[in-house]
Amino acid sequence: MTTTEIKRYLKILLIFSGVFFCSCQPKIKVGVQSTQQADGGWGYQILKDTSVYINQPYIPAVSGHQTFKSEEDAMKAGRLVLKKIVKRQNPAITIHELDSLDIQYTK
C-alpha cells in the first residue's frame, strides 16, 4: 500500500467519523406555545427541549404591560421570535413587525 493510498483511506475514515459523530449528537427541539395570562390576555413561551427559554407574558415593543388580545396574535409573535432565534438573529420584535403581523394592541 502506497502513502497516497493510506492518505486517501485516512481521509475517508475521517469523513465517516465526522458524519457518525454529527449523527450521534442529541437533537435539540425548539418550539413556541401560547400561555393564557391572569387578566385573560395571552402571552407566549419559547421552548428549548422541555425548558422555557423565553417567557413573554406581554406584547414586546409596546409601552405598558399589554397582553396579546388573542391566542393567535401571541402565536404569530412567538413564531416570529422563534424564526429569528433559529436564524441566529436578534429576537427583539419591533412595532413595525407587530403591525405587519396585524397584531392588535393599544397605541
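Visitor: How many bridges join β1 to β2?
Guide: This is a predicted model, where local features need pLDDT of at least 70, side-chain atom pairs count only at pLDDT 80 or more, and totals for chains, interfaces and linings use all residues. Residues are numbered from 1 along each chain as its sequence is written, and side-chain values use heavy atoms, with hydrogens and water left out. Strands here are DSSP runs of E, at least two residues, and helices are runs of H or I, at least four, numbered from the N terminus; two strands pair if DSSP finds at least two bridges between them. β1 and β2 run antiparallel, and the bridges joining them number 7.

Visitor: Which residue in β2 stands opposite Gly31?
Guide: Start from the hairpin that β1 and β2 form, with 5 residues between them. Gly40 in that turn has a positive phi of about 95 degrees. Across from Gly31, in β2, stands Leu47.

Visitor: How many bridges join β2 to β3?
Guide: β2 covers residues 42–48 and runs antiparallel to β3. Tyr44 stands opposite Gln56 in β3. Lys48 has Ser51 as its bridge partner in β3. The number of bridges joining β2 to β3 is 5.

Visitor: Which residue in the turn between β2 and β3 has a positive phi of about 60 degrees?
Guide: β2 and β3 form a hairpin. There are 2 residues between the strands. The one in the turn with that phi is Asp49.

Visitor: What is the order of the strands in the open sheet?
Guide: Strands of a sheet pair through backbone hydrogen bonds, either parallel or antiparallel. In this sheet of 3 strands the pairing is antiparallel. The edge strands, β1 (30–36) and β3 (51–56), each pair on one side only. The order is β1-β2-β3.

Visitor: Why is β2 largely enclosed by the rest of the structure?
Guide: Buried means under 20% relative accessible area, exposed over 50%, and partly exposed in between (1.4 Å probe, protein chains only). Across the protein, buried residues make up 32% of the 107 residues. β2 is largely enclosed because its buried residues number 6 of the 7.

Visitor: At what angle to β2 does helix α2 run?
Guide: Axes are lines fitted to C-alpha atoms, for helices over the stretch in contact (heavy atoms within 4.5 Å). Angles run from 0 to 180 degrees between N-to-C directions. Helix α2, residues 71–86, lies across β1, β2 and β3. Its angle to β2 is about 30 degrees.
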